[in-house]
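Visitor: Please take a close look at one part here, the side of one chain that touches its partner.

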Amino acid sequence: MSLTVQNLTRRFGQTEVLRGIDLEVKSGELVALLGPSGSGKTTLLKIIAGLDWPDAGRLVVGGEDWLDKKAQERRTGFVFQHYALFPHMKVRDNIAFGLTVMDRAHRPAPATIAKKVEELLHFLQIPHLADRYPAELSGGQRQRVALGRALAIDPAVLLLDEPFGALDAQVRRDLRRWLREVHDKAGTTTIFVTHDQEEAFELADRVVVMGAGLIEQIGSADQIYDHPASPFVARFLGLTVEIPVTMRAGRAEAAGLDTSALPRRAMADGPATLFLRPADITLLPSPEGAFRVTEIATTGALLRLRMEGPADCQAEAELPRRAAPALSLGQTVTLRPEVGHIFPGSPTPAQPAPAPAPVSLIKESSR
Amino acid sequence: MTSASLPASAKRSKRVLPGFGLTMGVTLTYLGVIVLLPVIALVLKGAEIGPARFWAIATAPRTLAALQLTLTAAAMATVFNAIYGVLMAWVLVRYNFPGRRLLDALVDIPFALPTAVAGLALSALFAANGWYGAILEPMGIQVVFTIWGVAAAMAFTSIPFVIRTVQPVLEDLDPQYEEAARTLGAHPFTIFRRVVFPAIFPALLVGITLSFARSLGEFGAVIFIAGNLPFKTEIASLLAVIRLEEYDYNGAAVIALTLLIIALVLLAISNILQARALRYRGKTG
C-alpha cells in the first residue's frame, strides 16, 4: 500500500526529533531511512507503526488516515533490532501470534493458521526451526523468525528498525540478499531504518537520508553517492576532507591544491568548500607543496596519511600502499583531488562530524 | 617458569576474590548449625515416636482442625497476595507518579514490623469498635476470631514476598515485547495474558510459594486476631506451642514435622513448575 507522510513533527520535551517530514512511498517499494543516530529515523518508523505519536502532521496509508488508528488496527509488520521474539513461545507460535490474537470474528481456524505458518516457514527457508525456542536460535535465525511473524498478518506496510544491526558482517550480508528476495516475492511496501550506507544502497529502491530531524536527500544509491545534495550528506557519505577554496570562473582554487582533474562548475565566484573522500586524493610530493605530512599509518593494504595545510586545514588521504610514492613525515605535498563536491560557503568546523564511513569499511574488510 | 607450572598459576588467578576455601567453610558450617541441625533433630524426634503413634497424633481431631484451618487460611491469603501483589508490582514498575518511591518503601513495612505489632494493629482495626470492624460488623461480616481474621493477618505479613519477587522481573521485561504484540494486533488484556504473564509467572510462583510457606508458619500476627478457639480458630503452630507447654514434646514435634513436610513438598512442586515454565530458556540459558 502507498504511504504518505506530510509535515510530520515530533518533539520530546525541548528536543525536536522530527522537524517537518514529507515523504511519499509507492506501493510495493523498498525504502531505506538512512542517517546517523539521533536523526529521527527510528522515531519516524515508530510513528508509522503507531508506537509513537506526532505533535503535528499527517500520515495516510492506502487512502486511510492512520493517525486515527491505534497500533493494533494498522496492520504493520514491525521488526525490531533485537528481534523481540516472545521467549516462552516456540518459533511456530511466535509466527502464529498475530493470527491467534485476532478477534473471534476474523480469526482463521486453527488448521488455517497452522497451514499459513507452515507456508511462511518454507517461504523464509526455516522449516527446521519450527519447534525451537528463540533462545535456541542464532541471531540471524531469530531475525528470520521475526520477519516471519511480521509477514504472517499480511501487513499493509513492513517496518524494519535496524534489522541487521545486531548481527555480524557475514550474516548481515546474507540476510540482506535474503530480505531483498523476500520483498520481491511478497511485494509488501517496506521501510527500513539503518545507519549503514552500504546496506541502504544495496537493498533499497530509494534511499532517504535523514539528519537532525529533517530529510536531507531522497534518491537512488547512485544519485546520492554521485551528487550529495548538502554538506551533511557529503560528510555522512564519507567525504570527510573539507578544504576551503575560492571559486574563480567555475574552478576551485586553493594553495597547495591541483584541481585540474575536477570539472568546471557553474558556480558564482567566491568562497566555497571542497568535500573529498580520503581515497580520491592523489599526493604529489613537491618542495613547494602547501600541505605537510604529519602522520603516516598503514592498515596493510592501505596507507593512511594526515596532512596539515595552510590556516590549520587538516586533510586525510588514503592510498594503496603498493602504489604510494616514497613519503616521509614532514614532507610537503600538493593534493590533487580526482573527484569531489563543492558547496558554497566556508567550512563550518563547529558541526560534529557524522559517522566516519572509511573506518567502518576497514572494519568490515578486516573480519 | 616451566610450561607445566603455567596452567596451575593461570587457574589460580582466575578467581577474583581470594579465600574461597575459608568463606565456603564458614558458610557451610553456619548453614549446618543454624538450619540443617535443628531440622535433622526435629526429624529424628519425629522418627523416635514411631509411625503408628505419629499418625495417631497427626490425625487427632484437634490437630487436624488446626492443620486444616492453617492450610485454608494460608491458601486464602496466598490467592489474595498473588492477585494484589502482581497489581502492586505493576503499579510500582509501570507508572510514574508522585509518591511512588514512598509507596515502594511502604511495601517492606510488613517485613520490618514486629509481627506482634501487626497482629495488635489488625485486631484493633477489625474489632467491633475498630475502624474496619465498625463498618463490617453491621454488614454481618465478622473478621476477628474467624478464619477471615487469620487469613488477613497471614496476607499482611507475607505480601512483600510476591511484590518483591515479581517487581524486578517486570522491571527487566523489555517493553519491545509489548510493542511487538501491539503491532501484531493484540489488545491490552491479550498482551498481559499471553506476553507479560508468562514472563512473570516463574517469579510469581516463587513469590506465591514463599508467601504460602510464611503464612503456614505465621504466629505472632495471627494469635492476636484469631481468638485461638480450639477446633475453630486455632492455628497449627499455636497448637504446637500449647503441646510444648503441656510438656507433650511428641505432640509438638509431630505438628512441627507435619508443617515442615507440607512446606517441603510445596517447595518441590514449585521448583518443578518453575523448571517447566522456564524450559524455553533452552540449553544456552
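Guide: Here is the face of chain B that meets chain A.

This is a predicted model, where local features need pLDDT of at least 70, side-chain atom pairs count only at pLDDT 80 or more, and totals for chains, interfaces and linings use all residues. Residues are numbered from 1 along each chain as its sequence is written, chains are lettered from A in the order in which they are written, and side-chain values use heavy atoms, with hydrogens and water left out.

The contact (heavy atoms within 4.5 Å) involves 22 residues of chain B and 26 residues of chain A. About 2,300 Å² is buried between the two chains, and carbon and sulfur atoms give 61% of that. Buried area is the accessible area (1.4 Å probe) that two parts lose on being put together, summed over both. Within chain B, Thr183(B), Leu184(B) and Tyr280(B) lose the most area to chain A, together 31% of what that side buries.

Now the polar links. The interface holds 1 salt bridge, a term for a side-chain nitrogen of Lys or Arg within 4 Å of a carboxyl oxygen of Asp or Glu. Glu179(B) pairs with Lys46(A) in a salt bridge, with the closest N and O atoms 3.3 Å apart.

Two helices (DSSP runs of H or I, at least four residues, numbered from the N terminus) give two or more residues each to this side of chain B: helix 10 (175-183) and helix 11 (188-217). Helix 10 of chain B supplies the largest share, 7 residues.
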